[in-house]
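User: Please take a close look at one part of this model and talk me through it. I'm new to this, and plain language would help.

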Amino acid sequence: MNKRVREILDFYRSENPGVLTNLARMLNHGRLAGTGMFVILPVDQGFEHGPARSFAPNPPAYDPRYHFALACEAGCNAYAAPLGFLEAGVADFAGEIPLILKLNNHDLLLNEHDPAPAVTASVKDALRLGCGAVGFTIYPVYEQLREIAEEAKARGLAVVVWSYPRGSGISHEGETALDVVAYAAQIAAQLGANIVKVKLPSAHLEQPEAQKAYEANHVPLEPLAARVRHVVQSCFDGRRIVIFSGGAKEDDATLLDEVRAIRQGGGFGSIIGRNTFQRPRAQALELLRQVMAIYAS
Amino acid sequence: MNKRVREILDFYRSENPGVLTNLARMLNHGRLAGTGMFVILPVDQGFEHGPARSFAPNPPAYDPRYHFALACEAGCNAYAAPLGFLEAGVADFAGEIPLILKLNNHDLLLNEHDPAPAVTASVKDALRLGCGAVGFTIYPVYEQLREIAEEAKARGLAVVVWSYPRGSGISHEGETALDVVAYAAQIAAQLGANIVKVKLPSAHLEQPEAQKAYEANHVPLEPLAARVRHVVQSCFDGRRIVIFSGGAKEDDATLLDEVRAIRQGGGFGSIIGRNTFQRPRAQALELLRQVMAIYAS
Amino acid sequence: MNKRVREILDFYRSENPGVLTNLARMLNHGRLAGTGMFVILPVDQGFEHGPARSFAPNPPAYDPRYHFALACEAGCNAYAAPLGFLEAGVADFAGEIPLILKLNNHDLLLNEHDPAPAVTASVKDALRLGCGAVGFTIYPVYEQLREIAEEAKARGLAVVVWSYPRGSGISHEGETALDVVAYAAQIAAQLGANIVKVKLPSAHLEQPEAQKAYEANHVPLEPLAARVRHVVQSCFDGRRIVIFSGGAKEDDATLLDEVRAIRQGGGFGSIIGRNTFQRPRAQALELLRQVMAIYAS
Amino acid sequence: MNKRVREILDFYRSENPGVLTNLARMLNHGRLAGTGMFVILPVDQGFEHGPARSFAPNPPAYDPRYHFALACEAGCNAYAAPLGFLEAGVADFAGEIPLILKLNNHDLLLNEHDPAPAVTASVKDALRLGCGAVGFTIYPVYEQLREIAEEAKARGLAVVVWSYPRGSGISHEGETALDVVAYAAQIAAQLGANIVKVKLPSAHLEQPEAQKAYEANHVPLEPLAARVRHVVQSCFDGRRIVIFSGGAKEDDATLLDEVRAIRQGGGFGSIIGRNTFQRPRAQALELLRQVMAIYAS
Amino acid sequence: MNKRVREILDFYRSENPGVLTNLARMLNHGRLAGTGMFVILPVDQGFEHGPARSFAPNPPAYDPRYHFALACEAGCNAYAAPLGFLEAGVADFAGEIPLILKLNNHDLLLNEHDPAPAVTASVKDALRLGCGAVGFTIYPVYEQLREIAEEAKARGLAVVVWSYPRGSGISHEGETALDVVAYAAQIAAQLGANIVKVKLPSAHLEQPEAQKAYEANHVPLEPLAARVRHVVQSCFDGRRIVIFSGGAKEDDATLLDEVRAIRQGGGFGSIIGRNTFQRPRAQALELLRQVMAIYAS
């Protein structure tokens with residue numbers, strides 16, 4: 001275990017050795033092993049957005065095994081997916097890569113007002129499938145997380161929280177506002193998350209009261225690296241692993257610039273789904289290679 | 001166990017041998033034994049639509065044993081029904097045909113807004129009655145499925161999910177829209193279903209975001225076989241058994257054309273209820289003979 | 001379901017449909033399907049006598065899959081084995097043959113006085129592995145059977161009892177004495193066994209009090225078929241399935257004569273282990289063919 | 001995952017993906033990663049024999065962290081120890097090596113007749129500490145194993161069984177007799193062990209009945225590699241991982257010859273404790289290097 | 001928290017923060033706060049030996065509050081007693097001193113062969129009474145400790161084990177033999193004890209096998225400090241808190257010499273009962289002052 005991994009694990013001294021073991025496995029797996037940085041492949045879009053929107057751009061991705069293979073070959077630290085996608089491939093890839101079982105999910109078929117994701121799998125499922133962590137999306141509610149995190153940690157599983165505020169009180173632009181993202185990171189950490197996943201923040205500020213505080217204290221809104229640094233700071237001053245999602249599909253130069261900003265701002269890495277599995281495999285591997293090269297540098 | 005059955009069972013390597021055994025029993029039962037194809041007789045209409053609407057067209061069908069006998073004589077792979085219908089006939093037909101106990105059901109006596117089916121039987125009931133699988137309808141909600149599927153699989157029972165999106169967010173036409181059906185198949189598979197049952201899709205597209213994806217990626221909407229193929233693809237690229245219901249009563253030529261399209265599109269078969277038990281027994285047997293002949297060819 | 005199978009199932013009208021289903025599956029499986037007769041392959045000798053004594057005479061039998069294949073190819077009604085042997089093959093033979101999980105077993109490594117078999121697997125294991133029945137050896141004690149049988153039947157599993165009185169109160173000759181075997185069959189049936197397995201009885205009478213009754217009432221001790229008939233009668237007058245083990249390895253002519261006597265005396269069949277798997281596969285299949293031919297005639 | 005690892009995992013198709021994952025982790029860890037061979041470091045002698053007898057020959061070994069470091073640096077596949085020894089080092093070595101928690105242990109302070117080990121830790125402890133497997137010693141009894149193995153496997157942990165027959169019915173020489181060791185391997189496998197640990201067998205035969213079977217079937221007693229092959233065969237014809245302990249401290253040439261015989265006879269490796277941690281660290285590492293070189297060749 | 005306390009807490013990195021908190025409270029309480037040394041007052045003699053034998057020499061000691069006050073005034077790190085004694089005083093001394101609830105106890109009213117202590121209080125009692133640790137006596141058996149320690153630690157309580165081998169296999173002299181005490185310390189630590197309490201060892205060696213190891217490896221038997229050092233080493237090389245009881249009442253000079261030896265040998269302190277509460281309060285306080293002065297020096 002190198003110094004940086006040891007340092008990160010020391011942020012989590014309250015956790016039992018099982019949780020530390022599973023954090024260490026992710027920190028020491030793949031191309032970024034030992035750097036303290038993360039690139040995680042998440043594939044829950046089949047559930048969250050529907051199959052055609054997710055996989056039609058790259059039809060081999062309809063096959064659940066495609067994503068296991070992609071994450072392994074790219075050298076990601078972990079692969080995250082809902083129950084069905086993991087069940088459909090895990091026996092073929094047993095022990096090849098740390099797995100994160102997404103325990104709650106939401107689909108777009110119903111026209112709901114402030115819809116809460118449904119719990120679709122259990123901590124027992126995660127153990128049965130050999131996963132090292134469970135994933136949970138908070139917002140619009142997070143009360144269910146408490147019991148799940150308690151059980152998961154007692155059984156040695158790390159807890160990864162997707163913290164994406166949304167709902168009737170937040171504008172669409174506000175979902176990526178710096179104050180909202182920083183707040184979302186803080187909430188996830190306060191709820192006991194071992195790994196926090198937030199959106200990359202824009203320079204927008206959503207909440208008037210927060211705006212005043214940002215201005216009064218000269219919290220810089222530019223450049224992106226400064227915003228990342230503020231989010232990292234808001235996540236227990238860098239003592240919780242916080243990683244960023246790139247959001248919608250974008251051009252590669254932009255994405256790589258964002259990765260540079262995440263690294264420069266002290267972020268712990270990226271969770272990259274659609275920008276990889278929605279393009280041909282060779283191109284996806286090349287993009288991930290470039291992303292990891294930046295993080296490893 | 002022939003090669004196709006072995007191949008299908010290998011899609012389910014994460015499941016325990018009990019689940020594999022019950023899947024194998026269905027795959028190896030009846031006239032389609034060993035073909036990898038399914039024709040399942042479901043009779044939950046007495047519960048879902050009321051007795052007269054369901055059985056008055058063919059009064060012998062009021063007797064629960066009628067349906068066991070029909071499914072056996074026709075050589076279906078399995079027979080699915082709610083608790084009462086199974087209890088009323090199972091002792092007379094013990095071991096004659098694989099049984100699926102529908103664990104939740106919904107009636108039309110109350111005028112509800114987005115009504116959820118009620119859980120009307122348990123995994124323990126399924127074991128006590130000698131069933132090989134449990135059936136569960138999802139939508140408008142599916143959170144209950146999690147614990148039921150966990151218990152069922154732990155006890156060696158296969159899980160069949162009826163995935164019929166409906167509710168305030170979906171137009172009547174949308175319930176069979178290609179994008180909705182494909183999405184419904186994906187959700188059921190993500191929830192861990194071993195067998196997924198969806199409606200035969202129309203060429204309609206319901207969701208604007210999906211529409212864009214279908215157009216951009218040239219997903220064909222015609223003919224029906226192409227739509228079936230898209231649903232099969234959306235169900236883990238053909239690595240989950242997905243079968244189709246014919247929907248409302250229709251003329252036989254149309255139904256047989258649909259069966260040909262299901263077969264041509266790579267579907268795993270049909271679940272045919274009203275089109276059989278609402279006509280005289282001899283005619284029902286003849287229709288099922290023709291359906292199976294197509295699937296077996 | 002033919003008339004004889006229906007008649008036998010009617011002996012068990014108190015059992016739930018799950019138990020009936022699993023009895024029916026055994027009655028309708030293999031070369032003796034529908035005859036009401038049984039030939040079951042049991043392979044617990046690796047546990048009970050040690051591997052070399054069991055398998056050295058026919059080394060391919062060291063492989064657990066060998067016995068699944070033998071039972072399937074021979075067309076036995078069921079295959080019975082301890083946990084490990086079933087786990088090691090069941091995924092390859094899912095649904096190919098009804099399985100009986102032996103829930104308790106005993107080894108010969110320790111020099112015990114009246115040793116009780118240890119419970120080595122559970123009803124949950126039987127369900128998880130897709131078994132249709134559990135097997136349990138009674139004597140020198142049978143108290144544990146109560147809870148196990150209760151749980152097994154509630155979950156739809158049939159209960160097969162190996163009833164072999166032994167221990168400090170019974171002479172070696174007495175273990176196969178007619179009065180002891182008839183008594184053992186009665187006890188197993190009284191304990192709620194669905195299928196009773198006893199040793200083929202000799203003409204010896206062990207218990208003085210019983211001897212008087214046999215003499216006073218002219219219970220015939222010869223020929224073997226008469227003794228079988230007495231055991232069948234002692235097992236609820238033929239209203240419980242009672243099958244006979246051949247005991248130690250013997251010459252084929254004797255074994256086939258015994259089979260004829262079992263059939264003539266109204267027994268329900270044989271459980272044949274060592275006489276089959278300890279000889280080359282082709283010879284074993286030929287012997288089983290001859291045995292089944294007698295039972296089917 | 002290479003071909004040999006895949007082949008070995010296929011022996012365990014009845015197990016859930018969690019168990020497969022933990023087996024894969026051991027198979028793919030350390031210097032023998034991917035070879036299908038094992039060298040496991042077990043340190044339960046502090047408990048079983050007392051601290052001075054165990055550690056006085058090499059005092060740094062009193063420190064629990066010494067053994068973690070030794071197992072890691074030597075490149076063992078796994079490290080096995082009782083609760084206290086694991087708790088005292090695991091946080092420092094989180095994720096560095098697969099861990100096996102010995103769940104039962106026995107000390108020598110009391111003068112017992114046929115003493116049973118006490119259960120000293122739980123499956124929950126194993127999860128909390130991040131272990132991949134639990135270890136359990138059978139003999140003189142094994143009934144407790146059933147529930148522990150059921151719970152462990154349901155939670156994705158592999159089950160390692162130390163099968164060392166002993167007690168009033170077995171002579172001291174008999175504890176390593178070929179027939180006893182082969183039988184012990186069979187019993188552990190029948191009880192559902194994923195990995196079986198037995199003593200290296202001598203050419204002695206203990207049980208008269210077994211002796212006859214060995215003679216009649218010409219089971220070779222020499223050389224050692226032939227005895228190993230017989231034990232492997234007795235352990236489901238090589239379809240269960242069976243590893244051998246070297247027993248008492250011996251000279252290195254002998255030990256390396258034994259390792260060669262294990263490899264030649266088709267054994268899966270060694271569990272080496274006292275021969276390593278009771279000598280200076282550099283010498284221990286050199287010995288383990290030689291052992292692994294033989295297994296890797 | 002000073003450096004020595006931090007160092008000791010680091011021995012327990014596998015424990016949760018609740019256990020660390022309670023260990024820290026004892027380490028930072030009383031006259032030895034921050035030294036890493038312990039003097040604990042235990043008063044279970046009323047239960048273990050009877051009231052008159054315990055308290056008649058100093059009648060105020062019949063009052064449970066006497067001992068709370070004594071421990072507080074003397075500046076002990078903790079006070080340990082059975083349920084009744086704690087219940088009778090704890091409300092008056094809430095938060096004044098860390099408390100250890102002895103969970104099992106044994107009386108002398110029955111003349112038993114190898115008597116096991118009875119469990120007389122629960123982890124819930126310890127929480128209800130505001131205790132920071134539970135105490136448990138092992139030998140002649142220790143299987144009960146597993147569940148109690150698991151529950152106690154999960155609730156943040158430290159576990160103190162009284163490890164006093166006795167029973168039919170050990171001579172009276174052997175109960176304090178160096179090899180037995182060292183072994184007893186090892187066993188308690190292996191069972192997961194946070195604090196180990198053993199008797200001060202004599203130079204006697206009890207077990208023939210151990211004797212050989214002591215001679216071969218030149219483990220010194222004299223002076224007492226060397227024996228203490230060996231016990232500390234046997235308790236995970238000093239990485240578990242091990243404290244010593246003085247045994248029977250003795251003269252003060254001897255007792256203080258023993259304390260000097262404990263300190264010199266690296267022990268963590270003393271547990272002193274009868275030598276204090278059986279003399280007048282002023283004399284007891286003076287003795288404890290002298291003991292602590294040695295440990296603090």
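Analyst: Let's look at where chain A meets chain D. Between these two chains, six residue pairs are in polar contact, both residues being at pLDDT 80 or more. (A polar contact is a pair of N or O atoms within 3.5 Å; within protein, one must be able to donate a hydrogen and the other to accept it, and residues adjacent in sequence count only if both atoms are side-chain atoms.) On chain A's side, α1 (3–10), α2 (17–27) and α7 (123–128) each give two or more residues, and α2(A) has the largest share with six. (Helices are DSSP runs of H or I, at least four residues, numbered from the N terminus.)

This is a predicted model: local features need pLDDT of at least 70, side-chain atom pairs count only at pLDDT 80 or more, and totals for chains, interfaces and linings use all residues. Residues are numbered from 1 along each chain as its sequence is written, chains are lettered from A and ligands numbered from 1 in the order written, and side-chain values use heavy atoms, with hydrogens and water left out.

Now the whole patch: 26 residues of chain A touch 26 of chain D, contact meaning heavy atoms within 4.5 Å. Together the two chains bury about 2,200 Å², with 55% coming from carbon and sulfur atoms. (That's the accessible area, with a 1.4 Å probe, lost on being put together, summed over both.) Of what chain A buries here, A:Pro17, A:Arg25 and A:Arg155 supply 23%, more than any other three residues.
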